[in-house]
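Below are my notes on the model you sent. They are numbered so that you can reply point by point.

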Amino acid sequence: MPNDSIQIIEADYRDEAHREAIPYLLNAYARDLLGFRKPLDDTVLQHLVSGLAQFPTALVLLARTEGRYVGMAICFLGFSTFSARPLINIHDFMVLPDYQKRGIGNALLQEVERIARERGCCKITLEVQMKNTAARRIYQSFGFKASFLDPEAGEQLSLTKTLSPPEDAASGNGDGRGVIQPSEA
Ligand SMILES: CC(C)(COP(=O)(O)OP(=O)(O)OC[C@H]1O[C@@H](n2cnc3c(N)ncnc32)[C@H](O)[C@@H]1OP(=O)(O)O)[C@@H](O)C(=O)NCCC(=O)NCCS
């Protein structure tokens with residue numbers, strides 16, 4: 001259960017502490033994330049905050065307790081054409097290992113939901129690895145369900161085509177790799 005000692009704060013990119021916390025937490029997340037488990041490139045970490053600051057639909061929530069930033073949800077506002085209403089996608093969601101199982105993840109999700117309702121969103125979406133049982137449990141208890149248009153059509157898949165950075169693009173296509181993953185949202 002969330003408690004009063006946990007603060008959930010919308011990141012302010014002009015705040016030095018927030019500018020430090022965002023790449024620190026994202027890197028910790030990458031190192032800990034099932035199926036990834038390695039640090040992010042320095043260039044990615046250096047450009048992260050400026051990139052988010054220039055991205056008008058980004059919403060970054062930071063969780064603070066005991067005087068430090070320990071969790072984060074990076075979300076993006078999207079739009080559901082079938083509902084003609086906005087939606088929020090949770091792109092990254094994490095709590096530092098030493099602070100897990102204290103209700104901080106739940107407090108972050110509650111704040112995402114509060115903001116989603118305030119903005120008139122029709123849904124909150126996210127992707128989770130099938131084998132990430134800890135995350136799936138919290139999502140399920142929070143009310144997330146696998147996404148189906150119709151059960152007979154089957155679960156929706158999350159598909160990715162990785163593209164080369166712009167400076168390499170002139171020489172041709174992206175690297176051509178496509179990744180198909182089962183998706184829950
Ligand atoms: C998924 C994640 C963000 C959850 O964060 P969290 O802060 O541990 O979440 P909560 O504490 O709110 O809830 C997790 C569990 O702790 C339990 N819990 C909450 N408060 C508790 C407390 N005071 N004492 C003991 N357990 C508690 C919850 O009931 C929940 O239990 P359950 O999993 O059996 O349902 C965290 O595990 C994480 O960062 N994982 C690595 C990154 C990751 O996989 N992110 C998701 C990618 S899709």
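1. A cut-off first, since several points below rest on it. A residue is called buried if 20 or more other C-beta atoms lie within 10 Å of its own, exposed if 12 or fewer do, and partly exposed in between. Proline 23 has 17 other C-beta atoms within 10 Å, so proline 23 is partly exposed. The model is a predicted one.

2. Proline 23 deserves a look for its setting as well. Proline 23 is found in helix H1, a helix that spans residues 16-32. Leaving aside neighbours within four places in sequence, its contacts are Leu45, Leu48 and Val49. Glutamine 46 is 23 residues away from proline 23 in sequence, and their C-alpha atoms are 7.8 Å apart in space.

3. On confidence: the protein chain has an average pLDDT of 90, and 88% of the residues score at least 70. Residues 172-185 are a different matter, with pLDDT below 50. That stretch nevertheless has 30 contacts in the model beyond near neighbours in sequence. Where pLDDT is low, the predicted coordinates should not be read in detail.

4. On the overall layout: five helices and seven strands make up the secondary structure of the protein chain. Along the sequence they follow the pattern β-α-α-β-β-β-α-β-α-β-α-β. Of the 185 residues in the protein chain, 21% are buried. Among contacts with a separation of 6 or more, 57% are between residues 24 or more positions apart.

5. How do strands E2 and E3 pair? Strand E2 (residues 58-65) and strand E3 (residues 68-80) are antiparallel, with eight bridges between them. Valine 60 has isoleucine 74 in E3 standing opposite. The two strands form a hairpin with two residues between them. Glutamate 66 is in the loop between E2 and E3, and its phi is positive, near 50 degrees, in a residue other than glycine. Glutamate 66 is exposed, because 8 other C-beta atoms lie within 10 Å.

6. E3 also pairs with E4. These two run antiparallel and are joined by ten bridges, with glycine 78 opposite leucine 87 in E4. This hairpin has four residues between its strands, and alanine 84 in the turn has a positive phi of about 50 degrees.

7. Arginine 37 should be checked alongside the two turn residues above. Its phi is near 50 degrees, a positive value in a residue other than glycine. Arginine 37 lies in the loop between H1 and helix H2 (42-53). With 9 C-beta neighbours inside 10 Å, arginine 37 counts as exposed.

8. Which residues touch the most other members of the largest nonpolar core? They are Leu61, Ala63, Met72, Ala73, Leu108 and Val112, out of 34 residues in that core. At least two residues of this core come from each of H1, E2, E3, E4, H3 and strand E5 (123-126). Leucine 108 is a useful place to start on screen: apart from its neighbours within four places in sequence, leucine 108 is in contact with Ile8, Leu61, Ala63, Gly71, Ala73 and Phe93.

9. On the ligand: there are 21 residues around the ligand, and Gln100, Lys101, Gly103, Gly105 and Asn106 come nearest. Helix H1, strand E4 (85-95), helix H3 (104-118) and helix H4 (133-142) each supply at least two residues of the shell around the ligand. H4 gives the most, with five residues. By class, the shell contains eleven nonpolar, six polar and four charged residues.

10. Is cysteine 122 buried, exposed or partly exposed? Cysteine 122 is partly exposed, because 14 other C-beta atoms lie within 10 Å. Cysteine 122 is found in the loop between H3 and E5. Beyond its neighbours within four places in sequence, cysteine 122 is in contact with Ser80, Ser83, Arg85 and Leu87. The C-alpha atoms of cysteine 122 and serine 83 are separated by 7.0 Å, although these residues are 39 apart along the chain.

Conventions
Residues numbered from 1 in each chain as written. Predicted model: local features only at pLDDT ≥ 70, side-chain atom pairs only at ≥ 80, totals over all residues. Near = placed C-beta within 6 Å. Nonpolar A, V, L, I, M, F, W, Y, C, P; charged D, E, K, R; others polar. Pairing = 2+ DSSP bridges. Core = buried A, V, L, I, M, F, W, Y, C linked by C-beta atoms within 7 Å. Contact = placed C-beta atoms within 7 Å. pLDDT = per-residue confidence, 0-100.
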